[in-house]
Amino acid sequence: MGQPVSKIRAAKLELYRKQGKIHAKAVSGRFNRLRWLCVGLTQAIFYGACWLNWPANGQLRQAVHFDIAHEKLYLFGLVLWPQDALLLALVLLIAATGLFLTTALAGRLFCGFVCPQTVYTSMFTWIEARVEGDHLARLQLDRGPLTLNKIVRKTLKHALWAALAAWTAITFVGYFTPIRELLPTLAGWQVGPWEGFWLIFYAAFTYVQAGLAREAVCQHMCPYSRFQGVMFDPATRSVAYDNGRGEPRSSQRRSSPAGDCIDCGICVQVCPTGIDIRDGLQYACINCGLCIDACDQVMTRIGAPTGLIRFASENELAAVPRRQAWFRRPRVVAYAALLLVFALLGGWTVSRHAELRFDVLRDRGVLARETADGRIENAYTLQVMNLSEEAQEFAVAVAVVGDAALQIVGANTVSAAPGSIAPLQVTVSAPADALPTGTHALRLRVFSPRNPALQAEEASTFRMP
């Protein structure tokens, strides 16, 4: 009797793993609640942040706005320009090293809980379940003949998917074109060419990836799943099956000596990517923990301890007596050190973010020239960058070098529009006998007469023939 039962169970698992689209069984539990909490938080930020306003110069503007046309990025009160590209690079490095550190400590938590593919697949699957029913009803509907009921349900599901994908695309483009300006243009499709392209592309991309491709992205397309193994070590905790406790499997656990696994297959049925966690660590596993929730429920029903499937390390499953501290693991230490360095650099860069910058370029054609009244002049070109949101009038002053008071000859002011670079030709003069022959250091200062806090200094040289 045991052999036919095992054959039926094996056939059932094959149905979930390899037969067409995977329809995962719904399960409740702490990891499922955490997953939906992450879905809610991430989507509240994504769909909501573009509607926030921020006061600036007596007016309201969108708080988060990637203004590509004017080469500005608004992040609430912070305005970033192309000159702040280093800060963007540091943000990307912080995100990457944070992901690596998380993976080294606890496996693919990012994939299981906050990856956009996982989040949107969960949302699309939720819609599918509301329209077509539970996993068995969806399997039956997919395999059944084409009836009016099937046409209605499939049409409604895809219409809701398309609506969600369209709103996702509108929200995405709304971060680049202010969403309150974008929405009125949609009725008559009066959008610009790049806006129209991204609205169509992003909606189609979301619809295909989350609605049609789903688990295939994690199984075949995701590059992260392919190289995640190099970040693991024997102490990395990830979703794992306790082989020593669970084997040998048997559905007749009470009447024969066997492990705790009753070979019910529910861990496969609830898996979004259709893998069998009992086969060991696999690149398609996204560490969502749903198999833990399902297995714990089964263990509770049969009176066995929970945790047959749990977050555990290779050392723990092998019964290594002592848990290895994180600071004794080279990968974790390296990732943590890099994360700290990049975070400090990012904080330092933000703290030094200034609304005024300038570069000093010497006139290399004439290093120094002597005037008719016996003075020595050096010529410079200043590239003054006004990174504020208002037009500014800037003045230039020169510092004192030793006992010689250098002075600027001619114009020493320049007007700069918001977010612009204004060139200014500056000539610095000194008496011929004020300094010895050679090159001397000096500093040029650019400041706003109306706003003393808006100033910057740069070093250059003064040449005496």
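This tour moves through the pockets, one helix and the enclosed cavities of a predicted model.

Begin by selecting Val 64, Phe 66, Leu 88, Val 91 and Leu 92, which among the 32 lining residues lie nearest the centre of the largest pocket. That pocket has a volume of about 1100 Å³, and its lining divides by class into 26 nonpolar, two polar and four charged residues. To see the surrounding elements, colour helix H2 (30-49), strand S3 (64-67), strand S4 (72-75), helix H3 (85-106) and helix H5 (116-132), each of which supplies at least two residues of this lining; H3 gives the most, with six residues.

Keep H2 and H5 coloured and turn next to the second largest pocket, whose volume is about 550 Å³. Of its 31 lining residues, Ala 24, Arg 35, Ser 122, Thr 125 and Leu 290 are the closest to its centre, so select these five to place the view. H2, H5, H6 and helix H10 (215-221) each supply at least two residues here, and the largest share, eight residues, comes from H5. By class, this lining has 13 nonpolar, eleven polar and seven charged residues.

H6, one of the contributors to that lining, is the next stop, and residues 135-143 should now be selected. Which residues of H6 are buried? They are His 135, Arg 138, Leu 139 and Leu 141, and because they fall within an arc of 165° when seen down the axis of H6, they line one face of the helix. On the other side of H6, Gln 140 and Arg 143 are exposed. Add Asp 134 to the selection to view the cap at the N-terminal end of H6, where a side-chain oxygen of Asp 134 lies 3.2 Å from the backbone nitrogen of Leu 136.

The last stops are the cavities, of which there are two of 30 Å³ or more. For the largest, with a volume of about 110 Å³, select Cys 271, Ile 275, Cys 285, Cys 288 and Cys 291, which lie nearest its centre among 16 lining residues; this lining comprises 13 nonpolar, three polar and no charged residues.

The second largest cavity holds about 90 Å³ of space, and Cys 261, Cys 264, Cys 267, Cys 295 and Leu 308 lie nearest its centre among 15 lining residues. Helix H13 (266-269) and helix H14 (290-302) are the elements that give two or more residues to this lining, with H14 giving the most, three residues. Its classes are eleven nonpolar, one polar and three charged residues.

Definitions and conventions: Residues are numbered from 1 along each chain as its sequence is written. This is a predicted model: local features need pLDDT of at least 70, side-chain atom pairs count only at pLDDT 80 or more; totals for chains, interfaces and linings use all residues. Side-chain values use heavy atoms; hydrogens and water are left out. On a 1 Å grid over the protein atoms alone, a cavity is a set of points where a 1.4 Å probe fits but cannot get out, and a pocket is an open set with protein on both sides within 12 Å along at least five of seven lines; lining residues have an atom within 4 Å of a point. Grid points are joined across faces, edges and corners, and a volume is the space filled by probe spheres set on the points. Ala, Val, Leu, Ile, Met, Phe, Trp, Tyr, Cys and Pro count as nonpolar, Asp, Glu, Lys and Arg as charged, and the others, Gly among them, as polar. Helices (H or I, at least four residues) and strands (E, at least two) are DSSP runs, numbered from the N terminus. Buried means under 20% relative accessible area, exposed over 50%, partly exposed in between (1.4 Å probe, protein chains only). The arc is that of the directions from the helix axis to the C-beta atoms. A polar contact is a pair of N or O atoms within 3.5 Å; within protein, one must be able to donate a hydrogen and the other to accept it, and residues adjacent in sequence count only if both atoms are side-chain atoms.
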